[in-house]
Amino acid sequence: MYPATQIMRHKDSVNYSFEPDIIHDVFGHQACLLIPEVNQVHHKCGLASIVSEPHERELLSAIFWFTFEVGLCWDEEDPTQRKLLGGSLLSGITDSEIAMDPKTPLTPLNPDLSRLLYSDI
């Protein structure tokens with residue numbers, strides 16, 4: 001079972017909705033959760049958030065945001081091939097096109113996680 005919102009974006013904002021809606025939940029997140037490895041990471045993040053301290057939850061939230069909301073990954077066999085991972089990218093046509101465009105510059109997730117704050121987003 002996966003909880004999803006019942007809100008549906010308006011036809012005037014079919015490409016993007018500021019608030020998560022059913023398109024975002026179903027096409028952006030549920031599809032990825034069918035991949036066992038992604039599902040396990042989501043589950044482990046949830047478990048970690050239960051036992052974490054506030055500063056750890058802040059870091060966990062930032063990592064989650066930059067991966068499962070707006071993240072991309074590479075194809076192992078062809079590192080020039082981008083793959084959408086983030087629910088925000090998967091649920092927005094324009095955002096998907098921009099993210100997949102080879103001309104769009106990408107910034108790897110900073111390995112210095114101590115500087116990554118969800119409150120800065």
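**Close-up views of the predicted model**

**View 1. Val51 and its nonpolar neighbours on the surface.** Welcome to the first stop: Val51 sits in helix α2. Everything shown in these views comes from a predicted model. Is Val51 buried or exposed? Its relative accessible area is 68%, and exposed means over 50%, so Val51 counts as exposed. Val51 also belongs to a nonpolar patch on the surface, which it makes together with Leu47 and Ile50. The area of this patch is about 330 Å².

**View 2. The whole protein, for orientation.** Before zooming in again, here is the overall layout. The protein has 5 helices and 2 strands. In which order do the elements come, starting from the N terminus? They run α-α-α-β-β-α-α. The chain has 121 residues, and 23% of them count as buried. About 8,800 Å² of the protein is exposed, with 61% of that area supplied by carbon and sulfur atoms. Take the contacts between residues at least 6 apart in sequence: 41% of these join residues at least 24 apart.

**View 3. The buried face of helix α1.** Helix α1 covers residues 22-33. Which of its residues are buried? They are His24, Asp25, Gly28, His29, Cys32 and Leu33. Looking down the axis of α1, you will find these buried residues within an arc of 115 degrees, which means that they line one face of the helix. The cover over them includes three other helices: α2 (36-51), α3 (54-69) and α4 (87-90).

**View 4. The start of helix α1.** Move now to the N-terminal end of α1, where Asp21 acts as the cap. How far is the capping oxygen from the backbone nitrogen of His24? This oxygen, from the side chain of Asp21, lies 3.0 Å from that nitrogen. His24 is itself among the buried residues of α1.

**View 5. His29 and its partners.** His29 is another residue of helix α1. With a relative accessible area of 8%, His29 is buried, because buried means under 20%. Which side chain makes a polar contact of 2.9 Å with that of His29? The partner is Glu69. Leu90 is worth finding here too: Leu90 and His29 are separated by 61 residues in sequence, yet their C-alpha atoms are 8.1 Å apart in space.

**View 6. Ala31, also in α1.** Staying in helix α1, we come to Ala31. Ala31 has a relative accessibility of 40%, so this residue counts as partly exposed. From Ala31 to Gly87 there are 56 residues in sequence and 9.2 Å in space, from one C-alpha to the other.

**View 7. Ser13, in the segment before α1.** Where does Ser13 lie? Ser13 is found in the segment that precedes helix α1. Relative accessibility is 26% for Ser13, so it counts as partly exposed. How many residues separate Ser13 and Gly92 in sequence? The two are 79 residues apart along the chain, with 9.8 Å between their C-alpha atoms.

**View 8. Lys83 in strand β2.** The last view turns to strand β2, made of residues 82-84, where you will find Lys83. Lys83 has 40% relative accessibility; its value falls between the 20% limit for buried and the 50% limit for exposed, so Lys83 counts as partly exposed. Which residues does Lys83 touch, leaving aside those up to four places away in sequence? Its contacts are Leu72, Cys73 and Asp75. Leu72 is 11 residues from Lys83 in sequence, and the C-alpha atoms of the pair are 5.6 Å apart.

Technical notes: Residues are numbered from 1 along each chain as its sequence is written. This is a predicted model: local features need pLDDT of at least 70, side-chain atom pairs count only at pLDDT 80 or more; totals for chains, interfaces and linings use all residues. Side-chain values use heavy atoms; hydrogens and water are left out. Buried means under 20% relative accessible area, exposed over 50%, partly exposed in between (1.4 Å probe, protein chains only). Helices (H or I, at least four residues) and strands (E, at least two) are DSSP runs, numbered from the N terminus. The arc is that of the directions from the helix axis to the C-beta atoms. Contact means heavy atoms within 4.5 Å. A polar contact is a pair of N or O atoms within 3.5 Å; within protein, one must be able to donate a hydrogen and the other to accept it, and residues adjacent in sequence count only if both atoms are side-chain atoms. Accessible areas come from the Shrake-Rupley method with a 1.4 Å probe; for residues, only the protein chains shown count as cover. Patches are made of residues with over 30% relative accessible area and no salt bridge: like charges are joined within 9 Å, nonpolar side chains (Val, Leu, Ile, Met, Phe, Trp, Tyr) within 5 Å. A salt bridge is a side-chain nitrogen of Lys or Arg within 4 Å of a carboxyl oxygen of Asp or Glu.
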